[in-house]
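Me: I should like a close look at one part of this model, namely its helix packing, followed by the loops that accompany it. Please describe what each helix meets, and where particular backbone features are found.

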Amino acid sequence: MTSNKYFQLGLFAALLLSSGFFYREFYRPEEIGVVQATGRVVQIEMRILENQWKWEPETIKVAAGDTVRLSVFNEDNYDHGFAIDVLGINRRIFPKRKTIVEFTASNKGKFNFYCSVPCGEGHYDQVGFLIVD
Amino acid sequence: MIEEKSKKITFHIEGMHCASCAVLINKILDKQKGIKASNANFGSEMLAVDFNPEIISIEKIKEIVANLGYNLISKEKSEEEIKKKREERIRGLKKRVIISFILASPIIAYYMSVHMLNLKHVHALIIGNYFLDLNWIYMLMTMPIQFWVGSIFYRSAWAAFRVGSTSMDTLVVLGTSTAFFYSLFGFLFSTTYGNLQTLWIGLDHPFWESSAALMSFLILGRYLEAVSRSKVSEAISSLLKLAPTKAIVLKDGQEIEINIGELKVGDIFLVKPGGQVPTDGLVIDGVSSIDEKIVTGESMPVGKKPGEEVIGSTINTYGLLKCKAKKVGEETLLFQIVRMVGEAQATKAPLQRVADYVSEKFVPGVIVLALISFNFWYFVYGIPLTPALLFMVATLIISCPCALGLATPIATMVGTAKGAYFGILIKGGKALEQAYKINTIAFDKTGTLTKGEPAVTDIIQNDNVKFKIDKNYILKLAAIAERGSEHPLAQAIVRKAKEEKMEIPEPKDFKAISGMGVRANYEGKEILVGNKMFLKSEGVEIAGIEDEFKTLQKEAKTVVFVVYEKKILGVLALADTLKEHAFSAIKALKERNKEIVMITGDNEHTAEAISKQLGIDKFYANILPQDKEKLIESLQKQGRVVAMVGDGINDAPALAKSDLGIAVGSGTDVAIETGEIILIKDDLRDVVTAIDLSRRTIHKIWQNFFWAFIYNIVAIPIAAGLHLVFTQSFGEPAGWVLNFAGMLNNIPEIGSLLGSIFVNFSQSALRPEIAGFAMAFSSISVVLNSLLLKHYKEPTII
């Protein structure tokens, strides 16, 4: 019988995931990992300044476990996007209106957020930081 | 114990779309009771089964295969049907291409221009209070592409899955499905529309263009391939001459023309001079010689007299023959050869195509990387499940390059078009993809290396004759005597005389003595032209020219004596001569390190003489048609990749069995039908060009795969977010990133911009706009790279 690739891949996946599981259970430092939601809701108002490709504020600070209600107002007449890779967030921000992005600050650390929708000359500079304590 | 019964049958398989399909059919059939061997072949779309009819019926086999989603069509009666089905398939593909592009082109154009030019995006139509997210439209446009157009790929991937392999279609299905469902869920569940965000966090950046563009390009590739294949078959059918469909039978003393199908065993049929023998039979009256080279490969016509056998479809030369039909229809030698061709095609060893080779290695690699990325983010880095899954999904999406489906078809399309320009018809891209692997080339002799008709090669005068004469005079006398004869040797002599611009007056009292020679009277003197037997019966002594006679015979030449007034003036030697460019073609192939082998049905003498002239080291003589095929097989078993070049009916099974069948365009229908490459100009140098073109095309294909994959390969670890390990420390950019950005800053004008772009890029995983850029660029690179092949020039061979 010829070797079945899917079987081999499945075997590999099982080995990999179980070793990952063991690492998390027994070896991973305490401070790393998901912080349970505390139920505290933090309301943050944010604006994208017209034709400046700039978040206002550029840095937001929350406590770990906070539920963040980020209300982003796009002053431009074209689209932007709000993305934080590590939290799995990638939202389109429509022009001239408010978009609510809600998420839980599940991990401690400093994460960058950026505009995920091509929006012209300042696009690649349109970044900011989320600091979770 | 009862002896097991066995029956062999070949079918045409309809509905195969990938190499895995053939593997699947074989796998399932081999498991059935009563089936000894099953051999499905994707290239020829044929299935050969060896089965016991007492245990399993043909209907049952058909049913099993039908359950897998394929149709079996009996081979014999179905030429028309197969052609119709193929046309239907092409029409179906065309429909898919058109609809796919109508739906996809706005999406492709929009996303490509936005991503490549960094334009300002508008995702929604907003007029006053009216708000429409354009993604609703994109979603509706993409759905039929993904599931209707893409159903072909889903089926192939499923077939590949069932046999445990990963083909190109697996990669396509994996990449586009993840892209599509990622977009669908992300879009529908995003917070903009209701409270579904509890199921799926705020992610609504759809990748419709990935699925739409990929599927459209893939289906275009499939279509181009099918069309280039059918175009060649059209060209071939125009090349084919009509096979004899009529026979003249003798009934109650009357000559009646009937259809070949009505001919029965025992019928008496007539073969007129120059006519084709309708079927296998026995000569009962008349004498002639028959040109059997298309079936047996023998270069000289074979004399026939009552009691001897004739073979269907061979060509009669000068005499009228009355024959009795011995075998008709499926029993004839010709039909058996055709059946052998079918079997050989079906059992041909498959060579893997580049696309499948690449995918087979690539797919498991991608899956492994995706798993590692998930493992790292979820267990090691400790982020929540959904974002960790998203890293994995992004890896899978970016893994399937947009240009994947175009890499092979575009290159082979340019390659086959270029081939056609040089007079080389290539049936489908597959032949082009494999020709470069050839390391051994087997040539048929008669009709391929040689012209297949006798020509005067030597004129030698008898030194014993008292009066000196000119060599040309010998030829002239012979031509005068032979003028009235229809015998091919006679015609060759007359032709030679005409080439020398001689006048050939008409002789008196011409008489042909069958199997011996001719006698004629010119200016009152007697001329005899004939063989040794003729001389004996006329009482002429062979004196003074015996040595020359023996030497010529050793060279496998046919010798005729020219006798004037009972004295031998000299001899003419006739032989099959080489084609114009045979020598230089063989030389060029040897220079390219190809081993040359000659296979012929002709005798050892002739074979040796020809192979010596051409510098061929290895030859096999006296080979019967079925043995030619076996010879090819034994060469293949030695690990060689063998091309067969031939023209005759007897070459057809070998052409089918070989890894690459090259048919000479002047050849027989069967050979042309069987060959994968057809040399229209009948110039053997084109064998070299075909192999060279194939090598160049395969290089292009590999380059295309490089261009198709490179952007994506670079993007994969970024999509998996694995670079962040190096570019970040505790959420801040790593030291070396800032240092490098500082260096970039020193570049005048654009320095600070480059620096900040580098920093920003290094701090995020694969940004969707970069993914879009990769997709667009890979397609453009592939198309442009393929078009470079248009500048291909054929090798110069002297």
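Reply: Contact here means heavy atoms within 4.5 Å. The model is predicted: local features need pLDDT of at least 70 and side-chain atom pairs 80 or more, whereas totals for chains, interfaces and linings use all residues. Residues are numbered from 1 along each chain, chains are lettered from A and ligands numbered from 1, as written, and side-chain values use heavy atoms, without hydrogens or water.

The account begins with helix H1 of chain A, which runs over residues 5–27 (helices are DSSP runs of H or I, at least four residues, strands runs of E, at least two, numbered from the N terminus). H1(A) has 23 residues, and its first and last C-alpha atoms are 32 Å apart, close to the 33 Å expected at 1.5 Å a residue (1.5 Å times one less than the number of residues). Along H1(A), the residues Lys5(A), Tyr6(A), Leu9(A), Ala13(A), Leu16(A) and Gly20(A) are buried (under 20% relative accessible area; exposed is over 50%, partly exposed in between; 1.4 Å probe, protein chains only). Their cover includes three helices of chain B, namely H5 (151–162), H6 and H10.

Two of these covering helices, H6(B) and H10(B), also meet each other. H6(B) comprises residues 168–189 and H10(B) residues 354–380; their axes come within 7 Å and cross at roughly 45° (lines fitted to C-alpha atoms, for helices over the stretch in contact, with angles from 0 to 180 degrees between N-to-C directions). H6(B) and H10(B) are therefore oblique to each other (under 35 degrees is roughly parallel, over 145 roughly antiparallel, 65 to 115 roughly perpendicular, the rest oblique). On the side of H6(B), the contact is made by Met168(B), Thr170(B), Leu171(B) and Leu174(B). H10(B) contributes Ala355(B), Asp356(B), Ser359(B), Phe362(B), Val363(B) and Ile367(B). Sorted by class, the residues of this contact are seven nonpolar, two polar and one charged (Ala, Val, Leu, Ile, Met, Phe, Trp, Tyr, Cys and Pro are nonpolar, Asp, Glu, Lys and Arg charged, the others, Gly among them, polar).

H6(B) itself is mostly covered, with 18 of its 22 residues buried. From its first C-alpha to its last, H6(B) reaches 31 Å, close to the expected 32 Å. Helix H9 of chain B, residues 333–346, also agrees with its expected span: its 14 residues should cover 20 Å, and its end C-alpha atoms lie 20 Å apart. Within H9(B), the buried residues are Ile337(B), Met340(B), Val341(B), Gly342(B), Ala344(B), Gln345(B) and Ala346(B).

A further helix pair in chain B is formed by H19(B) and H24(B), the latter covering residues 685–719. Their axes approach within 7 Å and cross at roughly 30°, and the two helices are therefore roughly parallel. From H19(B), Ser584(B), Ala585(B), Ala588(B) and Leu589(B) meet Arg685(B), Val687(B), Val688(B) and Ile691(B) of H24(B). This contact has six nonpolar residues, one polar and one charged.

His581(B) sits in the loop between strand S23 (567–578) and helix H19 (582–591) of chain B. With 22% relative accessibility, His581(B) is partly exposed. Beyond its neighbours within four places in sequence, His581(B) is in contact with Asp683(B) and Arg685(B). His581(B) also lies 9.7 Å from Asp686(B), C-alpha to C-alpha, although 105 residues separate the two in sequence.

Other loops of chain B deserve mention. Asp463(B) lies between strand S18 (450–461) and helix H15 (471–482), and is exposed at 52% relative accessible area. The C-alpha atoms of Asp463(B) and Ile545(B) are 7.5 Å apart, with their positions 82 residues apart in sequence. Glu565(B), in the loop between strand S22 (558–564) and S23 of chain B, has a positive phi near 55° in a residue other than glycine. Glu565(B) is partly exposed, at 41% relative accessibility.

Chain A offers a comparable backbone feature at Trp53(A), whose phi is positive, near 50°, again in a residue other than glycine. Trp53(A) lies in the loop between strand S1 (41–49) and S2 of chain A, and it is buried, with a relative accessible area of 10%. Further along chain A, a cis peptide bond joins Glu56(A) and Pro57(A), with omega about 0°. Pro57(A) belongs to the loop between strands S2 (54–56) and S3 (59–62) of chain A.
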